Amino acid sequence: MYFSIVKNDKKAVVNIFSDIEQTEKSLPGEIRSMNVKEIHVHINSYGGEVAEGLAVYNALKDSKAKVITYCDGFAASIASVIFCAGEERVMQESSLLMIHNAWGFAQGNADEIIDYASTL
């Protein structure tokens, strides 16, 4: 499991401390079910699965709670996108935020490859 959650009536603390992946227990689902005033998200991750990361980002942005994100170590690749979901973003002096352009692989004719490059 790439995340853990500790919460009470007012506040939830979400820790993302490994590669982001789809799991049986859904972090976006957990976030959407939270009835708290604040969500604190601590991140130390090299990134991971883009679809899961985007779902976490969207769940945080859709939340009525105030979202505060913390880069405790690395927030790289899709983890950097999750970090950007915070209304407040906190980085430690020795933390690293790594944002990069999307990349992938394409196969097909020229039109299909041009279309794929446009999507990226």
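**Figure 1. A59 sits in helix α2, which covers residues 50–62.** We start this tour of a predicted model with a close-up of one alanine. A59 has a relative accessibility of 2%, so this residue counts as buried, the cut-off being under 20%. Which residues does A59 contact, once its neighbours within four places in sequence are set aside? They are P28, I31 and R32. For a sense of scale, look also for C84: this cysteine comes 25 residues away from A59 along the chain, and the two C-alpha atoms are separated by 13 Å.

**Figure 2. The whole chain, for orientation, has four helices and six strands.** If you like to trace a fold from the start, follow the order β-β-α-β-α-β-α-β-β-α along the sequence. The C-alpha trace spans about 55 × 35 × 25 Å along its principal axes. The chain has 120 residues, and 34% of them count as buried. Among contacts with a separation of 6 or more, 60% are made by residues 24 or more positions apart. About 7500 Å² of the chain is exposed, with carbon and sulfur atoms supplying 50% of that area. As for charge, there are 10 positive and 16 negative side chains, and the centres of these two sets lie 14 Å apart.

**Figure 3. T69 is a threonine in strand β4.** Is T69 buried or exposed? Its relative accessibility is 0%, so T69 counts as buried. Leaving out residues up to four places away in sequence, T69 touches V41, I82, F83, G86, E88, R89 and V90. Two of these partners can be placed on the elements shown elsewhere in this set: I82 and F83 fall within the range of helix α3, residues 78–83.

**Figure 4. S77 occupies the loop between β4 (66–76) and α3.** The backbone deserves a look here: phi of S77 is near 55 degrees, a positive value in a residue that is not glycine. With neighbours within four places in sequence left aside, S77 is in contact with Y46, G47, M98 and H100. N15 offers another reference point, 62 residues from S77 in sequence and 17 Å from it in space, C-alpha to C-alpha.

**Figure 5. S80 belongs to helix α3, residues 78–83.** The relative accessible area of S80 is 3%, which means that this serine is buried. Beyond its neighbours within four places in sequence, S80 contacts A75, L97, M98 and I99. M98 links this view to the previous one, being a contact of S80 and also of S77.

**Figure 6. E93 is found in the loop between β5 (88–91) and β6 (96–98).** What is the relative accessibility of E93? The value is 86%, so this glutamate counts as exposed. G73 lies 20 residues from E93 along the chain, and their C-alpha atoms are separated by 9.5 Å.

**Figure 7. Aromatic rings form three pairs in the structure.** Two of the pairs are described here, starting with Y2 and F3. Their ring centres are 5.1 Å apart and the ring planes stand at 75 degrees, so the pair is edge-to-face. Both Y2 and F3 are buried. Next come W103 and F105, with ring centres 5.8 Å apart and planes at 85 degrees, so these two rings are edge-to-face as well. Here, though, W103 and F105 are exposed. When you compare such views, remember that a pair of aromatic rings is described by the distance of the centres and the angle of the planes.

**Figure 8. Helix α4 runs from residue 110 to residue 119 and is hardly covered.** How many of its 10 residues are buried? The count is zero. What caps the N-terminal end of α4? N109 does so, with a side-chain oxygen 3.0 Å from the backbone nitrogen of D111. As you look along the helix, a general point may help: an α-helix has 3.6 residues a turn, so residues three or four places apart point the same way.

Terms used: Residues are numbered from 1 along each chain as its sequence is written. This is a predicted model: local features need pLDDT of at least 70, side-chain atom pairs count only at pLDDT 80 or more; totals for chains, interfaces and linings use all residues. Side-chain values use heavy atoms; hydrogens and water are left out. Helices (H or I, at least four residues) and strands (E, at least two) are DSSP runs, numbered from the N terminus. Buried means under 20% relative accessible area, exposed over 50%, partly exposed in between (1.4 Å probe, protein chains only). Contact means heavy atoms within 4.5 Å. Accessible areas come from the Shrake-Rupley method with a 1.4 Å probe; for residues, only the protein chains shown count as cover. Lys and Arg count as positive and Asp and Glu as negative; His and the chain ends are not counted. The place of a charge is taken as NZ of Lys, CZ of Arg, CG of Asp or CD of Glu. Rings of Phe, Tyr and Trp (its six-membered ring) pair if their centres lie within 6.5 Å; planes under 30 degrees apart count as stacked, over 60 as edge-to-face and the rest as tilted. A polar contact is a pair of N or O atoms within 3.5 Å; within protein, one must be able to donate a hydrogen and the other to accept it, and residues adjacent in sequence count only if both atoms are side-chain atoms.
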